[in-house]
Amino acid sequence: MSLILMCEVCAGVEVAERFAHFGISSNLITYLTRPLGQSTATAAENVNAWSGTASLLPLLGAFVADSFLGRYRTIVVASLIYLLDNLGWALGFGIPCITMVIALLIFLLGTTTYRYSVKAEENSAVLRIGRVFLATIRNWRTYPSAITLEEEAGGMLPHHGSEQFRFLNKTLLAPNGLKGDGSPQLSSPSKGVTMDRSISKGLDIPPATLQCFSSFAVILFIPIYDRVFVPIARALTGKPSGITMLQRIGTGMFLSALTTAIAALVEMKRLEVAREHGLVDLPDVTLPMSAWWLIPQYALFGVADVFTMIGLQEFFYDQVPRELRSVGLSLYLSIFGVGSFLSSFLISAIEKITSGQGHDSWFANNLNRGHLDYFYWLLAGLSMVQFVAYLYLAKNYIYNR
């Protein structure tokens, strides 16, 4: 009963936290371009900077959790900081803040079921790893043969370490012979604003709501993955999980590139409709093209998430030491942080290159004169290059267990 209650508490907290996060991120670009009047390119850069910062900060939280406060106290402190930072916002961002209050209350209600781990009197895993790298730097000029000679002189069998990280073997030799102890999502809500979003007469869905279809696709596809895909893959490969974690990630990466290509095709169609109906210079007029054209790319993006994001979570949780699992999951999030900052840099560079000499940039405020389709094709090409590089690196990876 206690285990079931803990699972319910965790699920409730995660749902509320995700609602708060996406409640802000889904509406942020529309908020920046409309009430604040920022250009499309500037708003996209700021959204990516916000997303990147939000994804990289868990590295700090994981270090604090694994080394000092523990996970429970870190969650409580971080939630309080979030609430203090958002209490003064308007209703649009106030609702996610209220949701986080609910999430914190649900988490606190599960306090009696939480199992605290008792740490031994030793340095944290993060500090131990730091000492390994410091010792490696200190012994950088030491030849590998010196390590073997010292071990044999001490009556020990030569150490056989990982061939992937042979340079870290130098930490075994201490100075003076002493042993050491150590989104295709860019502007999609903005595009939705220009398209017909009516469900019935007088009823239009908000542009940011379109992104919910990615979540719906995740919810619908996970049971299909577990009940259909895995048994078939298991019969073909003989692996209990059907496919390996890295194969799962690679499949998601390919689907993500395909999603970006579909986004480019839909944007080409939208621009064609604007030209055919003479609406290129009328950005505030709704195009005679249904916003439902955007649904396939959102749905496929959700399917790609099932493979990539869940695969990454499994990989970073399973392939790190037990003491560093918080850091492992934060490294998973940091991938998206680095990607967001790279995307912000790419948008800034493209904006400067394509906006000169009186020409509209790819990210013109009037999307009917911009060329988001070019940007999507560029992303699709970069994604395929990344996919090929991933295949090469994944082929040589050795699983820890």
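## Salt bridges

In helix α9, the side chains of Glu-267 and Arg-270 meet in a salt bridge, 2.9 Å from N to O (that is, a side-chain nitrogen of Lys or Arg within 4 Å of a carboxyl oxygen of Asp or Glu). The two sit three residues apart, about one turn of the helix. Glu-267 is buried at 1% relative accessible area, and Arg-270 is buried with 1% as well (buried is under 20% relative accessible area, exposed over 50%, partly exposed in between, with a 1.4 Å probe and protein chains only). This is a predicted model, where local features need pLDDT of at least 70, side-chain atom pairs count only at pLDDT 80 or more, and totals for chains, interfaces and linings use all residues. Residues are numbered from 1 along each chain as its sequence is written, and side-chain values use heavy atoms, with hydrogens and water left out.

The salt bridge count comes to three. Another one joins Arg-248 and Glu-314 at 3.3 Å, N to O. Arg-248 belongs to helix α9 (residues 245-276) and Glu-314 to helix α10 (residues 295-318), so this pair ties together parts 66 residues apart in sequence. Arg-248 is buried at 8%, while Glu-314 is partly exposed at 33% relative accessibility. Then there's Arg-369 with Asp-281, at 2.6 Å from N to O. That pair links the loop between α11 (325-354) and α12 (372-395), home of Arg-369, to the loop between α9 and β4 (287-290), where Asp-281 sits, 88 residues apart. Arg-369 counts as partly exposed at 38%, and Asp-281 as exposed at 51%.

## Aromatic pairs

The structure holds 15 aromatic pairs (rings of Phe, Tyr and Trp, the last by its six-membered ring, with centres within 6.5 Å; planes under 30 degrees apart are stacked, over 60 edge-to-face, the rest tilted). Take Phe-213 and Trp-292: their ring centres are 5.8 Å apart and their planes at 85°, so they pair edge-to-face. Phe-213 lies in helix α8 and Trp-292 in the loop between β4 and α10, so the contact ties together parts 79 residues apart in sequence. Both rings are partly exposed, Phe-213 at 22% and Trp-292 at 42%.

Tyr-225 and Phe-229 have ring centres 5.1 Å apart and planes at 20°, so that pair is stacked. They share helix α8, four residues apart, about one turn. Tyr-225 is buried at 3%, whereas Phe-229 is partly exposed at 30%. Ring pairs link these two with Phe-221 and Phe-307 into a cluster.

## Surface

Ile-224, Val-228, Ile-232 and Leu-236 make a nonpolar surface patch of about 400 Å² (patch residues have over 30% relative accessible area and no salt bridge; like charges are joined within 9 Å, and nonpolar side chains, namely Val, Leu, Ile, Met, Phe, Trp and Tyr, within 5 Å). Leu-236 is found in helix α8 (residues 212-237) and is exposed at 72% relative accessibility.

## Whole chain and record

The chain has 12 helices and four strands (DSSP runs numbered from the N terminus: H or I of at least four residues for helices, E of at least two for strands). Of its 401 residues, 39% count as buried. The chain exposes about 23,500 Å², with 67% supplied by carbon and sulfur atoms (Shrake-Rupley, 1.4 Å probe).

An unreviewed UniProt entry lists "transmembrane region" for residues 87-109, 205-225, 245-266, 329-350 and 374-393; such annotations may be inferred rather than shown by experiment. In the model, residues 245-266 are 100% helix, with end C-alpha atoms 32 Å apart. Residues 329-350 are likewise 100% helix and 0% strand, and their end C-alpha atoms lie 32 Å apart.
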